[in-house]
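Work through the exercises below with the model open. Try each task before reading its solution.

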Amino acid sequence: MTLHAGAPMPDSLRHQMRAKQHPARSVPCPHCGVAAHKPCRLRTTGRLLSQPHPQRISDWAQTTACCPACQVEPTTPCHDEGRERATVHARRYQEAEATAA
């Protein structure tokens, strides 16, 4: 029996199929270590989570949107008066969600 791999899926079709997933799944999760486009897991039991970890959402917002609060470009961490923040500003989340929509 021969397995047929088929043609690669076009990006437009892949996006439509993943539209019901949170857009933060497009980046790897720094908390549980899962790859991009995979659901987050609990590190202790391996149970799949329905929503991404907060740090994954923060990383996604940082890579996709400019921050209106501190005026930094995508991929640059947010800051408060020169000190880097552990997470992004709330307005950056909103900007990333608007970009994803």
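**Exercise 1.** Leaving aside neighbours within four places in sequence, find which residues Cys67 is in contact with.

*Solution.* Apply the contact cut-off: heavy atoms within 4.5 Å. Skip neighbours within four places in sequence; Cys67 then touches Val72, Cys78, His89 and Arg92. Keep in mind that this is a predicted model, where local features need pLDDT of at least 70, side-chain atom pairs count only at pLDDT 80 or more, and totals for chains, interfaces and linings use all residues. Residues are numbered from 1 along each chain as its sequence is written, and side-chain values use heavy atoms, with hydrogens and water left out.

**Exercise 2.** Determine how many residues make up the largest nonpolar core, and which helix gives the most to this core.

*Solution.* Collect buried (under 20% relative accessible area, 1.4 Å probe, protein chains only) Ala, Val, Leu, Ile, Met, Phe, Trp, Tyr and Cys residues joined through side-chain atoms within 4.5 Å. The largest such core has twelve residues, including Ala24, Cys67, Val72 and Cys78. Helix H2 (helices are DSSP runs of H or I, at least four residues, numbered from the N terminus) gives the most, with three residues.

**Exercise 3.** Establish whether Arg56 is buried or exposed.

*Solution.* Place the residue: Arg56 lies in helix H2. Its relative accessibility is 0%, so Arg56 counts as buried. Now check the distance to Arg25, 31 residues apart along the chain: the two C-alpha atoms are separated by 7.7 Å.

How values were computed
Helix = DSSP H or I, 4+ residues; strand = E, 2+ residues; numbered from the N terminus. Buried < 20%, exposed > 50% of the residue type's maximum accessible area, 1.4 Å probe, protein only.
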